[in-house]
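Work through the following exercises with the sequence and the coordinates open beside you. Each task is followed by a solution that goes step by step.

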Amino acid sequence: MAKYPLIKTTLKDRLLGGHYAEGLPLPSEPQLAREFEVSRMTARRAIDELEREGYVYRVQGAGTFPTGKRFRQGMFRVRPFKEWARHPDHRTTVLRAMQIEATPEIAIVLQIQPGDPVIFIHRLRNAGDEALVIEKRYINASLVPGLLDHNLAVESIHETMITMGVPLQRVEQNLEAVNLRQEEAELLRVPLGTAAFLLRRTTYSGQKRASYVNYWVRGDRYAFQDTFEP
């Protein structure tokens, strides 16, 4: 089982929490490998992804440095799936929908145990011939037995969960700019490394984390807009 996502998550939490001082290098790859009891290659992969997402930068011969805390600003809302699906030119393709065992990193996010059942849903949204949004969603399967029996190409997952007796009361989300990796770039039919938005969203039912989803959104086709009282 891959360990680099857990290393990446731990390092990101440290970076955002100010654990590493700006202007000073992070521990070296050999040091990280010893700390997490992994190979140097695994530690390097975690650092590579943090660099791709803009959390760190490398200086030849000097090491890897934090880019500084990212500013948190404002609020934004994302158009509900039911509104998206209502448009006659829009369609959603379910690439995968299955029950899997929670990996350690997904278990941490959903606050369950590794190996617990999780529903994984991978969808692609298109407008006409253009692929615009990739969705990878993980849901606590114990809350929604039978969810996979629904037509997830046309049904809103959130509304389906509510009708199944799972009240969804709070959403935490984070939006940042990233450069697309090979898998996402191929699905969106854009060059490797193209800039895009990455929206991470955690949805709660009471105190339980019911759903965690990543959306990769084409930056050249989307703009986020909101209206609020100052």
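The confidence score used here is pLDDT, the predictor's confidence in each residue, from 0 to 100. This is a predicted model, in which local features need pLDDT of at least 70 and side-chain atom pairs count only at pLDDT 80 or more, while totals for chains, interfaces and linings use all residues. Residues are numbered from 1 along each chain as its sequence is written, and side-chain values use heavy atoms, with hydrogens and water left out.

**Exercise 1. Establish where confidence in the protein chain is lowest and where it is highest.**

Begin with the whole chain: the protein chain averages a pLDDT of 83, and 87% of the residues score at least 70. Next, go to the individual elements, where helices (H or I, at least four residues) and strands (E, at least two) are DSSP runs numbered from the N terminus. The lowest confidence falls in helix 4 (residues 81-86), with a mean of 62, whereas strand 4 (residues 117-127) has the highest, at 93. As a caution, predicted coordinates should not be read in detail where pLDDT is low.

**Exercise 2. Determine the strand order of the open sheet, and explain why one side of strand 3 and of strand 6 is left without a neighbour.**

Apply the pairing criterion, by which two strands pair if DSSP finds at least two bridges between them. The six strands of the open sheet then follow the order 3-4-5-8-7-6, with antiparallel pairing. Strand 3 (90-101) and strand 6 (170-179) stand at the edges with a single partner strand each, so one side of each has no neighbour in the sheet. On average, and with direction ignored, neighbouring strands of this sheet are turned by 15 degrees against each other. Within the sheet, strand 5 (residues 130-140) and strand 8 (residues 208-218) run antiparallel and are joined by seven bridges, and Glu-135 stands opposite Tyr-215 in strand 8.

**Exercise 3. Describe how strand 1 and strand 2 are connected.**

Strand 1 (residues 56-59) pairs with strand 2 (residues 63-66) in the antiparallel sense, over four bridges. Tyr-57 is found opposite Phe-65 in strand 2. The two strands, strand 1 and strand 2, form a hairpin with three residues between them, and Gly-61 in the turn has a positive phi of about 80 degrees.

**Exercise 4. Characterise the packing of helix 2 against helix 3.**

Axes are lines fitted to C-alpha atoms, for helices over the stretch in contact, and angles run from 0 to 180 degrees between N-to-C directions. Helix 2 (residues 29-36) and helix 3 (residues 40-52) pack at about 110 degrees, with axes 8 Å apart. Helix 2 is therefore roughly perpendicular to helix 3, on a scale where angles under 35 degrees count as roughly parallel, over 145 as roughly antiparallel, 65 to 115 as roughly perpendicular and the rest as oblique. Contact (heavy atoms within 4.5 Å) involves Glu-29, Pro-30, Leu-32 and Ala-33 of helix 2 together with Arg-40, Ala-43, Arg-44 and Ile-47 of helix 3.

**Exercise 5. Which residues bring helix 1 into contact with helix 3?**

The axes of helix 1 (residues 4-16) and helix 3 come within 9 Å and cross at roughly 50 degrees, so helix 1 is oblique to helix 3. Helix 1 contributes Tyr-4, Ile-7, Lys-8, Leu-11, Lys-12 and Leu-15, and helix 3 contributes Thr-42, Arg-45, Ala-46, Ile-47, Glu-49 and Leu-50.
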